[in-house]
Amino acid sequence: MKKGPLILWFKDMTKDSLSLAGGKGANLGELVSKGVAVPNGFTVTTELWRSFMEDGELTATIQGHLSRINFNANDGSLGQYASYIWRDIVNTEMSERLKQTINRAYLLLDREYSRDKNTDVAVRSSAVCEDSNDSSFAGQHETYLNIRGAKNVIEHIIKCFASLFTERSIAYRHERGIPLFPRDGIAVVVQKMVRSDKASAGVAFSHEPVTQAPFLVCIQGSWGLGEAVVGGEVTPDTFMVLKPPTKGARPILARKELGTKMIKCIYGYGEHGPTRMVETAKDERESFCLSDEEILSLAEQVLLLEEHYGRPIDVEWAKFGDGEKVGDGKIYIVQTRPATALRDPLIQKTTYVRNGESGETLVVGAAASPGAVAGIPQVVDSPDDLSQFVDGNILVAKKTDPDWLPAMRRAKAVVTDEGGKTSHAAIVARELGIPCIVGTRNATKVLNGSDEVTVDANQNERGEGVVYEGILALETKTTDLRPTIEAKKKTKTKVMFIMADPGSAERFFAYPNDGIGLVRLEFVMENLIRLHPSLATIGNKLNELLLSDEEKAKIAQLTAGYDTIREYVVSTLTQGLALLAGAMYPNPIIVRFSDFKTNEYRRLLGGHIFEPNEENPMLGWRGASRYYDERYREAFHLECEAIKRVRDECGFTNVKVMVPFCRTPLEAQNVLAEMSNAGLVRGENKLEVYMMVEIPTNVLQLEDFAPYFDGFSIGSNDLTQLTLGIDRDSGALAHIGDERNPSVQILMKMAIEKAGRLGKPIGICGQAPSNHPDYAAFLVGCGIDSISVMPDAVPQTIDNVLRAETELAEKAARGKTPLLMKKHEEEGVEDVKGCF
């Protein structure tokens with residue numbers, strides 16, 4: 001049988017080289033063949049590994065050790081025989097023939113980069129089954145950085161051979177039914193190092209790794225070598241990038257989150273070893289590790305690779321530091337692999353904290369693997385203490401690496417101080433299907449000694465997971481979206497989302513929909529910006545305001561990484577809205593301008609300076625009346641500027657805007673004029689402007705409002721309170737505030753009919769159509785164009801709409817007169833006529 005080559009250069013490999021080059025090697029060869037920027041190198045093939053094993057007569061010895069492991073008993077045999085195998089391999093001398101083969105390849109690489117100065121290389125294991133579609137083998141085999149000189153390279157290649165049989169690797173293969181002695185063996189990649197210790201490095205996914213949202217690229221990075229990010233040593237910067245609306249266009253930056261980045265991995269020499277960890281400088285912690293242009297360029301590379309592989313991928317990237325002769329400032333891809341732990345997006349199974357349950361918040365971090373559990377937290381300081389970990393406890397650690405895998409398998413959930421959602425803890429937790437929260441900063445301190453806690457790793461509006469004190473009631477819900485998708489194909493009435501949190505678009509991307517009928521801009525402000533927008537309009541006069549030192553420090557923390565507060569506000573709004581628009585594209589999203597009441601604006605950071613105290617904010621200075629008022633005009637311009645950027649610069653022309661609480665047609669004129677002053681002109685670039693129909697005068701004078709708007713949306717909450725003369729914030733009157741009241745329905749029917757005669761679309765925003773099938777029937781019978789509900793209510797709403805449309809069609813076919821709305825039992829008044 002003809003033997004294969006002992007060495008393969010990257011240029012000579014493709015994805016078909018898997019059996020010789022292993023997963024990492026084959027993927028790197030594929031990248032080079034496609035012209036991707038990859039530092040050069042070579043692969044020590046599985047053929048050389050087999051020769052090494054034969055020369056050292058190691059095969060029978062290793063198989064004998066493996067046969068003595070008892071996986072059914074916790075007797076330490078796994079660790080014992082794994083250590084014997086490691087000892088036997090690393091103590092085996094490599095033959096001169098094999099040494100010379102590796103030495104020649106290294107010298108060629110050395111001459112290419114450093115001209116006989118012992119160039120620095122990374123020596124990475126590359127098992128045949130590693131980085132496959134089904135198994136990531138995240139960190140199972142060894143990687144060594146900053147290795148110099150042929151002798152050291154050979155020594156670390158042998159260590160990579162031995163890492164095929166570490167305790168964690170053997171256990172991983174046993175759990176997955178992979179032969180303990182892999183027939184194809186292991187290859188080793190030897191690759192020129194990228195001096196990212198003088199710049200930055202990290203990981204990127206071609207999809208959002210937690211929610212699997214396919215319209216996003218997730219990039220995480222930190223200063224120094226990438227091992228700090230991959231190993232979860234740091235809480236990195238996170239960049240979410242939208243895939244472009246049209247082929248050939250640039251990706252769009254959707255969100256930037258500044259990580260703490262307390263330490264970084266740099267080159268070490270002498271007694272420090274090849275690498276070492278050092279603290280980052282203050283300016284490094286307070287600045288992003290990539291510029292916006294670098295983020296977008298990296299995202300473009302990731303998208304090209306995803307298109308080439310035809311499936312979601314993740315990559316490791318590294319940036320050459322300034323001052324390096326080779327590759328100054330350039331970003332390289334140093335590894336790529338198929339993304340693993342992918343779930344069927346059409347089967348949504350979630351365990352969550354039951355509505356109404358609450359407890360004291362103990363720690364907060366990034367939700368890295370969804371789900372919720374209750375149990376006993378156990379802080380583990382190091383892998384040496386893992387034998388003390390109790391099965392079924394919640395594992396709490398500073399960070400995890402592959403040595404922690406045996407305990408992670410036995411844990412209910414994982415919570416770490418450091419790390420991002422591309423760290424080892426996050427990736428492995430998703431593979432194991434257990435909840436995980438990372439980057440909490442202080443979980444090991446706060447949870448140490450705690451009795452019982454509840455870990456909720458389902459993303460909240462800020463993408464956070466929370467650990468609560470005590471055991472909270474949990475519920476598990478499974479939603480099969482396939483019947484809903486089929487039902488949606490049969491409906492004529494549009495069913496749209498109500499969203500206030502851009503993160504909702506990530507979580508509900510698989511739900512069938514016709515777009516977003518209501519984006520609550522004020523909640524985007526509250527969740528993402530967290531400060532009063534007028535703070536962005538005062539220029540350099542911040543210190544003149546009556547702000548406490550604590551408030552000033554919080555403002556500085558929120559706006560770190562931005563030149564001005566104004567740019568922070570506009571950029572953050574732009575990114576949040578672009579994410580929603582990109583998630584729905586080409587379906588429309590209707591963005592309602594901010595509609596907080598003055599008491600709600602006062603809750604924002606700095607709000608007490610700009611907002612008056614009102615006796616009844618519900619009926620006070622809100623909605624349209626703010627936008628042309630001197631006190632808020634400049635802040636309103638920020639909203640307009642963000643929307644203009646989303647439409648004109650990002651290309652999301654599916655964005656429409658909506659004016660809330662518009663009391664008179666004159667106010668409509670004033671708002672349109674103010675929008676124009678801010679550069680947002682109705683009709684320009686096909687911009688459509690809608691109006692909320694939520695005041696009785698909106699219904700009664702709809703014909704007078706119509707010239708200023710392209711469509712309408714009924715706001716059932718405000719229309720109900722103003723029709724019935726109640727304050728919907730009053731708990732004492734809650735039993736009266738029912739939108740099924742006949743008077744409210746008469747106004748709704750009137751608005752729908754008027755809009756129909758005017759030839760303008762009209763929808764409704766509210767939960768009643770999902771909660772009450774007869775209400776959906778009422779709206780469908782009246783001729784409503786669209787119904788918008790919260791995302792989790794979409795399946796039920798679609799069912800209700802389809803049932804109503806089917807019954808209406810059947811009765812029309814039989815020539816029956818329309819049904820009347822059911823009598824309102826509490827009020828005992830006449831039925832609403834003429835609808836369905």
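**Surface and core of a predicted model**

Q: About how much area does the chain expose?
A: Carbon and sulfur atoms supply 48% of the exposed area of the chain, where accessible areas come from the Shrake-Rupley method with a 1.4 Å probe and, for residues, only the protein chains shown count as cover. The model is predicted, with local features needing pLDDT of at least 70 and side-chain atom pairs counting only at pLDDT 80 or more, while totals for chains, interfaces and linings use all residues. Residues are numbered from 1 along each chain as its sequence is written, and side-chain values use heavy atoms, leaving out hydrogens and water. The whole exposed area of the chain comes to about 33800 Å².

Q: What percentage of the residues of the chain count as buried?
A: A residue is called buried under 20% relative accessible area, exposed over 50% and partly exposed in between, with a 1.4 Å probe and protein chains only. Of the 836 residues of the chain, the share that counts as buried is 58%.

Q: Is Thr 43 buried or exposed?
A: Thr 43 belongs to strand S2, residues 41-44, a strand being a DSSP run (E) of at least two residues, numbered from the N terminus. Leaving aside residues up to four places away in sequence, Thr 43 touches several others, including Leu 6, Phe 10 and Val 188, where contact means heavy atoms within 4.5 Å. Because its relative accessible area is 0%, Thr 43 is buried.

Q: Among contacts between residues at least 6 apart in sequence, what share joins residues at least 24 apart?
A: The contacts considered here are those in the chain between residues at least 6 apart in sequence. Of these, the share that joins residues at least 24 apart is 69%.

Technical notes: Helices (H or I, at least four residues) and strands (E, at least two) are DSSP runs, numbered from the N terminus.
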